[in-house]
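Me: I should like to examine how the descriptive terms applied to this model are justified. Please set each value against its definition.

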Amino acid sequence: MALLRISSPHTQRAGHRTSWVMQMVILATVPGIAVQTWLFGWGNLINILIASIAALACEAAILSIRRRSVGFFLKDYSALLTAVLLGIALPPSVPWWVTVTAVSFAIIFAKQLYGGLGNNPFNPAMVGYAIVLVSFPVPMSQWVGVQSVVTSGDSLSFWQSLQAIFQTLPTIDGYTMATPLDGFKNKELVDSATAFNTIEALQTANLNAWLWVNIAYLLGGLALFWLRIITWHTPVALLGALLVMSGVFYLFDVSHAATPLFHITTGAAMFGAFFIATDPVSSCTSNRGKLIYGAGIGILIYIIRTWGGYPDGVAFAVLLMNFSAPLIDYYTQPRSYGHKKSKKGLKVGEEK
Amino acid sequence: MQSPQIFSFHGGIHPEENKAQSLQLPLGRPSLPSELVLPLGQHIGQASRPLVNVGDRVLKGQIIATNNGFLSSYLHAPTSGTIAGIEERAIAHPSGLSDLCMVLWPDGKEEWTELNPLDNWQAQDATHVLAHLAQMGIVGMGGAGFPTQVKLQGASKSPLTHFIINAAECEPYITADDMLIREKTAELIEGIEILQHLVKADNVVIGIEDNKPTAIAALNALLSERGSEIQVAVVPTKYPSGGEKQLIQLLTGKEVPSGQYPADIGVLCQNVGTCVAVHDAILAGKPLISRFTTLTGDALQAPQNVEVLLGTPITHLLDYADSDETKLHRLVMGGPMMGYTLDSAAVPIVKTSNCILAATKKELPTPNPEQACIRCGMCEQACPASLLPQQLLWFSKSQEHEKAEHYNLFDCIECGACSYVCPSSIPLVQYYRHTKSSIREAREANVKSDLAKQRFEARKARQDAEAAEKEAKRIARQQATAAKASTKATPAEQAEPAKAPAAAAPVSDEAKKLKIDIAIGKTKLKKRQKELLAAQEAEHLEEIQALQLQVTEQETQLAALEARLSKISATPVVPSSAPDASREKAPVNDELKKAKVDVALLGVKIKKLNKQLADTPDDQETKDKIAGFEKDLATVQAIVKKLGTATAPATKAAPENSTAKAPINGDLKKAKVDVALLGVKIKKLNKQLADTPDDQETKDKIAVFEADLATAKATVEKLSVAPAESSTAPSEKTSSNKATTASAPPIADDLKKLKIDTAIAKAAVKKVEKALKKAEEIQAPEADAIRQQLVEAQQRASDLDKALADAVNGTKTTDSTATEAKAEASVPESSAAEAKPSTPAAPANADAAKKRKIDLAIAKAGIKKAEKNIALLKEQGKDEAEITASEWPAKLLEAQTKLAELEAATDAQSQENN
């Protein structure tokens with residue numbers, strides 16, 4: 001009778017593995033992907049496919065160089081999740097090599113070089129996104145418009161999408177346009193009311209399209225919350241801060257600033273709040289820390305959108321807050337049982 | 001009866017309960033196994049001490065092992081039978097190691113020993129009840145096995161707001177407490193009432209999880225029937241609500257402060273099993289010999305609760321519950337969350353075994369391989385102590401112990417909730433356990449290395465001192481040989497051969513005395529060093545420092561003495577080469593001056609120490625030091641006196657010397673000063689005595705000083721007579737002159753010595769008497785030895801008294817036996833000096849005597865240490881049995897016998913010398 005000798009606890013919550021967590025997050029993006037595909041064509045799906053292949057290839061290559069078990073680590077689905085998030089974030093018509101560049105940077109530099117899953121200080125997907133956004137601004141600023149507002153009056157078919165991605169579609173300009181955020185950013189000194197009437201990117205149909213996309217990601221995020229994979233702290237703080245910022249500045253200058261609703265229903269607001277900012281590895285860890293972290297991202301998004309050089313600022317906001325996450329963690333420890341107050345900072349060597 | 005308010009605690013998990021399986025069958029009572037194995041350490045604290053021998057027949061309930069210290073417990077025979085062995089057996093312990101167990105072969109008769117219920121417990125004193133509980137071997141049956149009487153004692157120190165009975169039983173699978181409440185509701189409530197009578201808390205609450213409706217109903221029914229004040233608080237099922245800290249938070253809303261105990265916030269927790277055991281112990285007089293245990297797990301075909309005798313091997317229980325060995329994959333003692341795995345089923349049930357979980361592979365599958373932590377925070381949400389497990393893991397892995405401690409690692413209760421929820425299957429608790437133990441190890445290592453450093457420095461200092469001493473000796477030897485060579489060369493040159501010995505005599509006398517002083521000093525140094533070593537070994541920091549100081553002091557003294565000696569041994573050349581008498585006088589006078597300075601120095605030192613003593617009147621250390629210095633002082637004073645007398649003959653030796661009166665007058669003066677000094681000292685000591693009237697030490701000292709005073713006065717008288725005598729023969733030859741003057745002081749000296757010896761002997765008698773009294777108080781076995789010693793000491797004192805009387809009567813035959821007998825504390829150079837006269841055997845004897853003296857001193861130090869430790873043990877509130885059990889009485893006895901032996905040897909030796 002060979003009895004197993006291990007330390008307690010002897011049971012584990014069944015089925016709730018890291019791979020399960022990753023799968024659930026991927027699944028939670030499905031509504032959003034569906035809405036994006038329905039509105040903007042197959043581009044995103046093809047991007048996700050390309051990104052996934054690139055991500056798994058990069059991960060496998062680096063793992064074998066690091067002499068780690070390739071199968072074991074590929075099965076944690078983390079590389080796949082990064083690929084999916086990047087595929088969603090990149091414009092549907094972006095050339096394939098942009099996607100591949102973004103994904104390989106994300107996997108190789110932002111993740112594996114730091115030691116793999118769990119050791120990356122920055123959100124890999126956002127690192128990849130930021131790299132291509134800075135390096136290739138032209139393809140990155142082209143987003144496919146909904147069929148009723150683009151000049152061609154149609155959305156890209158699957159074949160056209162493929163052609164666009166492999167750069168063999170000369171008529172691509174007929175399908176793309178600026179995003180509402182881009183449009184609003186470049187309205188110059190025109191006041192808001194005029195801008196919404198004149199700029200094509202700000203037409204109601206386009207705004208509604210983005211509203212649907214955001215609602216879809218909100219639903220996916222709520223599913224994650226319901227599954228207890230994420231806590232409410234980061235998304236609520238992020239969206240709250242974004243609302244407060246845009247609300248305050250809207251009240252200051254009604255004629256030129258956008259409404260808070262515009263801010264949280266366009267661009268990557270919901271996607272960022274529920275899928276990017278909640279990446280546990282690179283975010284804050286305590287509940288209070290997550291509140292500060294989320295609020296910081298919200299504020300930075302607004303700042304970058306309004307005064308920065310980019311129409312949307314989720315990627316940079318998240319990366320900036322990734323920097324400060326360890327510091328925030330030191331100052332937001334929860335009050336442990338039996339302690340009068342929580343410990344702050346890291347007073348190593350002093351009274352414990 | 002209103003139900004109490006329920007609070008909540010952070011985190012917690014809801015694992016599958018799996019409690020139904022073991023509640024299908026009624027309570028089982030397995031048959032007697034063929035042998036019972038009773039580990040001696042079934043509780044927290046020291047293991048019990050066996051009271052019976054192999055082969056003894058014991059009755060059911062008979063005490064077979066007694067408690068072995070404050071935090072220990074009794075052990076009883078669970079059934080009647082024969083003790084088949086006291087040996088190492090495998091026990092149920094996470095380490096999987098074996099431990100000392102008593103093996104009992106039941107005879108099947110179940111013959112009870114006489115039971116002693118505590119009938120009128122309400123009228124009994126709390127301490128009496130607690131003592132009864134201790135004797136019944138009651139320990140906390142919830143898990144840790146903390147001796148109940150100790151816990152109750154601790155709780156009774158502060159007023160209690162809540163007395164909580166822990167019936168939560170939050171671990172999955174376990175139903176032993178549930179079954180116990182159902183089966184023994186009345187006993188439980190009576191047990192709670194007894195405990196409440198002892199601790200008198202404001203509220204008595206039974207905390208129970210809502211998954212035990214039958215037990216709750218039974219409790220409520222009986223409580224309302226009895227109209228009891230005891231409340232039942234039903235808490236929601238959530239692991240780990242049965243953790244002491246969590247249950248306290250659930251029922252009182254208060255948290256036990258980190259690093260403190262529940263009693264500090266006025267809460268006492270007891271497990272239901274303990275309460276029932278208390279009931280049995282008080283009302284039925286039955287000791288703790290059985291307990292309820294859950295046998296469960298899918299590998300058992302008849303999972304159930306059993307009431308089982310302690311010591312029953314688990315194999316026996318597995319057979320009883322029809323275990324399927326082919327399916328058994330993991331055997332867990334305790335629940336699946338906090339239990340530990342067993343290597344084999346051949347281990348016994350102990351007082352804290354609440355569950356045996358015989359799991360199949362499907363039930364408790366092999367854990368998945370550990371994946372990377374993604375800091376998902378699920379552990380943080382589950383942690384009942386509100387820690388950040390993911391951060392702790394990070395710090396544990398990177399061995400950043402300070403950070404881990406800063407993140408309150410030591411508040412982790414190791415409940416396993418974090419590991420349970422971890423999606424990456426990280427054995428978090430195991431990481432924390434490992435880090436905790438490495439932090440503890442590091443702390444211990446720190447303390448150890450500090451001590452080692454100190455020890456090393458002390459050793460280095462000692463070695464340096466030894467080297468210096470050797471060097472000094474070498475120089476002295478060199479100078480001595482040089483001097484000898486020159487003296488050998490000079491005799492021919494000497495104009496007056498008669499003058500040379502006369503002039504050399506005092507100097508060689510001086511050298512002799514100094515040599516003796518050095519020997520004594522070295523002995524003292526050695527003694528101090530030995531003490532220092534002992535202190536270092538025992539790791540007493542304060543003592544080490546004090547001793548180190550003393551050692552260095554002693555070393556400097558010794559060095560000074562040696563320097564003086566080398567100077568003196570070099571001087572004999574001077575008088576022979578220079579016939580001028582004034583030159584001869586100079587070194588002696590120098591000596592005198594130096595000795596006087598020494599006296600002054602020692603006086604200052606003693607004063608300082610006395611001041612210290614006033615601050616800390618109980619400091620034996622300081623007292624010892626003072627005694628040592630006083631001895632030194634006496635020695636140096638003797639030197640002063642002798643030198644004073646020596647100057648006289650030296651002066652007389654000079655041909656130009658006209659009167660012998662002057663030196664005698666000098667002596668007289670000195671003697672008078674001595675009288676005055678001693679008077680002052682006695683006055684001071686009396687004052688001290690007034691402060692601490694019971695200080696035997698001071699009394700003894702006063703006696704010594706008074707004796708000194710008497711002697712000094714006698715000297716004064718004699719000397720004031722002497723001038724007349726000496727002036728009658730001013731023109732006599734040097735030799736005769738010397739004889740007359742010299743004859744008087746020796747007698748006075750001897751007399752003085754005798755008096756001192758007598759006083760010391762008397763003091764010794766008193767001390768031994770005191771020791772005897774103490775020994776009788778604690779009924780120590782060494783009382784006889786002390787009595788023997790007392791008789792010896794008294795004999796010695798009376799001997800000395802007689803000798804003193806003889807001496808006073810003018811008999812010149814000084815009783816050297818008596819003087820020698822008192823060797824260790826007397827003015828030692830006198831005896832040594834007396835032993836010298838021309839007999840060839842004398843130096844060897846003196847050497848032997850010296851060695852014996854050292855041994856005596858060591859033996860005495862040993863006795864003192866042992867006595868001190870015994871006193872300390874008493875202070876710590878240990879009872880006699882424990883003190884008797886500790887090593888110190890034995891050591892004391894040993895030291896005392898050695899001392900007696902040595903003293904006898906010394907006596908014999910000194911008689912031989914005569």
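Me: Why is K200(B) called exposed?
Reply: A residue is exposed if 12 or fewer other C-beta atoms lie within 10 Å of its own, buried if 20 or more do, and partly exposed in between, with C-beta atoms placed from the backbone. K200(B) has 12 other C-beta atoms within 10 Å, and therefore counts as exposed. This is a predicted model, in which local features need pLDDT of at least 70 and side-chain atom pairs count only at pLDDT 80 or more, while totals for chains, interfaces and linings use all residues. Residues are numbered from 1 along each chain as its sequence is written, and chains are lettered from A and ligands numbered from 1 in the order in which they are written.

Me: Where is K200(B) found, and what is notable about its phi?
Reply: K200(B) is in the loop between helix 4 (185–199) and strand 9 (203–209) of chain B; helices (H or I, at least four residues) and strands (E, at least two) are DSSP runs numbered from the N terminus. Its phi is positive, about 50°, although K200(B) is not a glycine. Most residues other than glycine have a negative phi, and most peptide bonds are trans.

Me: What makes N18(B) buried?
Reply: N18(B) has 22 other C-beta atoms within 10 Å, so it is classed as buried. N18(B) also has a positive phi, near 55°, and is not a glycine. N18(B) lies in the segment before strand 1 (36–39) of chain B.

Me: Which peptide bonds are cis, one ending at P9(A) and one at P240(B)?
Reply: The bond from S8(A) to P9(A) is cis, with omega near -5°, and P9(A) lies in the segment before helix 1 (18–28) of chain A. The bond from Y239(B) to P240(B) is cis, with omega near 0°. P240(B) belongs to the loop between strand 10 (231–235) and helix 6 (244–252) of chain B.

Me: How do you know that strand 9 and strand 10 of chain B pair?
Reply: Two strands pair if DSSP finds at least two bridges between them. Strand 9 and strand 10 of chain B have five bridges, in the parallel sense, and E209(B) stands opposite V235(B) in strand 10. They belong to an open sheet of four strands in chain B, with the order 10-9-8-11 and parallel pairing.

Me: Why are strand 10 and strand 11 of chain B called edge strands?
Reply: Strand 10 and strand 11 (267–271) of chain B each pair on one side only. The twist from one strand to the next averages 25°; axes are lines fitted to C-alpha atoms, for helices over the stretch in contact, and angles run from 0 to 180 degrees between N-to-C directions.

Me: What packs on the sheet, touching strand 9 and strand 10 of chain B?
Reply: Helix 5 (residues 213–226) of chain B does, and its direction makes about 160° with that of strand 10. Helix 7 (residues 272–284) of chain B touches strand 8 (162–167) and strand 11, making about 80° with the direction of strand 11.

Me: Why does M321(A) count as buried, and what does it touch?
Reply: M321(A) has 26 C-beta neighbours inside 10 Å, so it counts as buried. M321(A) lies in helix 17 (residues 314–331) of chain A. Residues are in contact if their C-beta atoms, placed from the backbone, lie within 7 Å. Not counting residues up to four places away in sequence, M321(A) touches Y293(A), G296(A), I297(A) and L300(A). M321(A) and A277(A) are 44 residues apart in sequence and 9.2 Å apart in space, C-alpha to C-alpha.

Me: What makes a group of residues a nonpolar core?
Reply: Such a core is a set of buried Ala, Val, Leu, Ile, Met, Phe, Trp, Tyr and Cys residues joined through C-beta atoms within 7 Å. The largest has 247 residues, and those with the most contacts inside it include Y129(A), V318(A) and I164(B). A second, separate core of 23 residues includes L668(B) and A763(B).

Me: How many residues of chain B are in contact with chain A?
Reply: There are 56 residues of chain B in contact with 39 residues of chain A. Strand 14 (328–333) of chain B gives the most to that side of chain B, with five residues.

Note on methods: Contact = placed C-beta atoms within 7 Å.
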